Amino acid sequence: MDNDLACKVENFKKAAANTADDIVFKRFPAKILELHQLVQTTLTRDSPFHLSHAETFTDTTVYPPPTEISSGGPAQKKRKRDDDTLANDVISHSDIQHAKIPSLMVANRHMSQKVHDVVKKECAEMAGMIDELKLWVTLTMPKIEDGDNFGVQIQEEVLAELHRAQESAYNLRDAPRQDYLARAEICSKILKYPNIEDFTLALKEHDEKQLYIARQHLLDIRNIYAVLTDLIQKNISKIRAPKGNNSVGLY
């Protein structure tokens, strides 16, 4: 590698180290305090995470289908193409004329717009910062050789913890999708069996549970930040210089 390229690579490594320092000593501690404050506010009724919103924003009403369908108007006919494939004469994103049960139920907009969006944003931010830290730790690893590898073991343990934290962020990020699928299943039961009140009650309980789980997810994210900050700061010297004095072990 020529000198100019080597210099650019070295600057890239220094920038990664500076970014990691900023994350560990500034951004992570700030996120701990920010999320702790957010969790505390969830106990107030003004917070979108308060359980009282479940009853307010859960709409169990089964709405009639659109006028052009419910009025008994002629359905859109299909035409046969020369290649024996079927195609609609008119394509519409909201076309439900061929739905088995064309009645409608609305989504819980409070969860999708005010609760899930917050959790998704926090998960994405955490996963991004963890990526920066994983890069930094990996770049500080020395070449593989015999002897004095205790610092490398610490780096590997930190990397494993970062990987677990990032997987947790991805799993928490997937919670909205799981919520929508589970809610859709209950709604389909209400549409199919509108005379069974238990399905309506199940939908209300589901939305309330999702509010509770969303608050727990904020707690989980805050705790992940706290654990990572504590682990990295206590072992920062071994992460930066794994081949240094090995008399100080992993805390």
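A pocket is an open set of grid points with protein on both sides within 12 Å along at least five of seven lines. With that idea in hand, welcome to this predicted model, whose second largest pocket has a volume of about 220 Å³. The protein chain has 251 residues and is built with 8 helices and 2 strands. Let's walk through the overall layout, the empty spaces, the nonpolar cores and one loop residue.

**The overall layout**

- Reading along the sequence, you will meet the pattern α-α-α-β-β-α-α-α-α-α.
- Buried residues make up 31% of the 251 in the protein chain.
- The accessible surface of the chain is about 15500 Å², and carbon and sulfur atoms hold 54% of that area.
- Take the contacts in the chain with a separation of 6 or more: 78% of them link residues 24 or more positions apart.

**The second largest pocket**

- Its lining includes Met105, Val106, Ala107, Asn108, Met111 and Ser112.
- Also in this lining are Asp179, Tyr180, Arg183, Ala184, Cys187 and Leu191.
- Helices α4 and α6 (175–192) each provide at least two of the lining residues, and α6 gives the most, with 6 residues.
- Sorted by type, the lining of this pocket has 8 nonpolar, 2 polar and 2 charged residues.

**The cavity**

- Rolling a probe the size of a water molecule over the atoms shows where empty space is left.
- Searching the whole structure turns up 1 cavity of 30 Å³ or more.
- The largest cavity holds about 40 Å³ of space.
- Around the largest cavity you can find His116, Val119, Ala175, Gln210, Ile213, Ala214 and His217.
- Two helices, α4 (109–140) and α7 (197–234), each supply at least two residues of that lining, with the largest share, 4 residues, coming from α7.
- The lining of the largest cavity contains 4 nonpolar and 3 polar residues, but no charged ones.

**The nonpolar cores**

- The largest nonpolar core contains 38 residues, and Leu133, Trp136, Val158, Leu162 and Ile232 have the most contacts inside it.
- At least two residues of this core come from each of α1 (3–41), α4, α5 (150–173), α7 and α8 (236–240).
- Helix α4 makes the largest contribution to this core, with 11 residues.
- A second, separate core has 5 residues, among them Met105, Ile186, Cys187 and Ile190.
- Two residues to look for again are Met105 and Cys187, since both also appear in the lining of the second largest pocket.
- Back in the largest core, isoleucine 232 makes a good residue to look up. Setting aside its neighbours within four places in sequence, isoleucine 232 is in contact with Val24, Leu133, Trp136, Val158, Leu162 and Ile239.

**A loop residue to find: threonine 60**

- Threonine 60 sits in the loop between α2 (52–57) and α3 (67–70).
- Is threonine 60 buried, exposed or partly exposed? Its relative accessible area is 22%, so threonine 60 counts as partly exposed, given that buried means under 20% and exposed means over 50%.
- Not counting residues up to four places away in sequence, threonine 60 touches Met105, Thr200, Leu203 and Lys204.
- What distance separates the C-alpha atoms of threonine 60 and phenylalanine 199? They are 9.4 Å apart, although the two residues lie 139 residues apart along the chain.

Conventions: Residues are numbered from 1 along each chain as its sequence is written. This is a predicted model: local features need pLDDT of at least 70, side-chain atom pairs count only at pLDDT 80 or more; totals for chains, interfaces and linings use all residues. Side-chain values use heavy atoms; hydrogens and water are left out. On a 1 Å grid over the protein atoms alone, a cavity is a set of points where a 1.4 Å probe fits but cannot get out, and a pocket is an open set with protein on both sides within 12 Å along at least five of seven lines; lining residues have an atom within 4 Å of a point. Grid points are joined across faces, edges and corners, and a volume is the space filled by probe spheres set on the points. Ala, Val, Leu, Ile, Met, Phe, Trp, Tyr, Cys and Pro count as nonpolar, Asp, Glu, Lys and Arg as charged, and the others, Gly among them, as polar. A nonpolar core is a set of buried Ala, Val, Leu, Ile, Met, Phe, Trp, Tyr and Cys residues joined through side-chain atoms within 4.5 Å. Buried means under 20% relative accessible area, exposed over 50%, partly exposed in between (1.4 Å probe, protein chains only). Contact means heavy atoms within 4.5 Å. Accessible areas come from the Shrake-Rupley method with a 1.4 Å probe; for residues, only the protein chains shown count as cover.
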